[in-house]
Amino acid sequence: SIHLWVSPNPMGMFVLPRDARLGLPPTFPKSCKLRRLHDGDARQVNIESDPGPNRMAHGGLGCWGIEESGKLRGWAVRGDDGAIGMLFVASQWRRKGLASAIVHAISTEMQSSGLPCFAYVRDS
């Protein structure tokens, strides 16, 4: 079923042009590892993400995270509509390049797969 969520905040859409040059991947702490999310990550992602209309059902194309010491510290998930969403980085890991690296990985994957790369942006 489809759920429509009304937001009191203005919402826009960011679309990465198909011919955009992404450049080199952002750097992040060497103790961290960028990896594709797996089905088994869904529970942690859904519990620790901010409440909202989206949920991770399974890993796959456009679902990436960063782990450190075997624990996910940040992630983003490509939703059923194709939008990048659920971007999250644990508070103690923010401002270290994790979100940038995750979005770069997803954007690179979408471009190389010939799929559109976009995200809805809202004020919070």
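1. Let's start with a residue that is easy to skip over. S49 is buried, at a relative accessible area of 9%; the cut-off for that label is under 20%, so the serine qualifies. Bear in mind that this is a predicted model.

2. Where does S49 sit? The residue belongs to the loop between α1 (42–48) and β3. Leaving out residues up to four places away in sequence, S49 touches W75, M86 and F88.

3. What do the polar atoms of this serine do? A polar atom of the S49 side chain lies 2.6 Å from the backbone oxygen of V45. There is also a side-chain to side-chain polar contact, 3.0 Å, between S49 and W75. W75 therefore turns up twice for S49, in the list of touching residues and as a polar partner, given that a polar contact needs N or O atoms within 3.5 Å.

4. Now the sheet. It is open, has four strands in the order β2-β3-β4-β5, and pairs them antiparallel. The edges are β2 (32–36) and β5 (84–89); each has a single partner strand, so one side of each lacks a neighbour in the sheet. On average, neighbouring strands are turned by 15° against each other, if you ignore direction.

5. Helix α2 (residues 98–113) packs on this sheet and touches β2, β3 (64–68), β4 and β5. Against the direction of β3, the helix direction makes about 140°.

6. How covered is β4? Mostly: six of its eight residues are buried. The strand spans residues 71–78. As a reminder, side chains in a regular strand alternate between the two faces of the sheet.

7. On the β3 side, five bridges join β3 to β4, and the two run antiparallel. I66 stands opposite G74 in β4. The hairpin formed by β3 and β4 has two residues between the strands, and S69 takes a positive phi near 55° there. If you check backbone torsions, look at that serine.

8. On the other side, β4 and β5 are joined by four bridges, again running antiparallel. For register, V77 has G85 in β5 as its bridge partner, while R78 stands opposite I84 in β5. Five residues lie between these two strands in their hairpin, and G82 in the turn has a positive phi of about 95°.

How values were computed. Residues are numbered from 1 along each chain as its sequence is written. This is a predicted model: local features need pLDDT of at least 70, side-chain atom pairs count only at pLDDT 80 or more; totals for chains, interfaces and linings use all residues. Side-chain values use heavy atoms; hydrogens and water are left out. Two strands pair if DSSP finds at least two bridges between them. Axes are lines fitted to C-alpha atoms, for helices over the stretch in contact, and angles run from 0 to 180 degrees between N-to-C directions. Contact means heavy atoms within 4.5 Å. Buried means under 20% relative accessible area, exposed over 50%, partly exposed in between (1.4 Å probe, protein chains only). A polar contact is a pair of N or O atoms within 3.5 Å; within protein, one must be able to donate a hydrogen and the other to accept it, and residues adjacent in sequence count only if both atoms are side-chain atoms.
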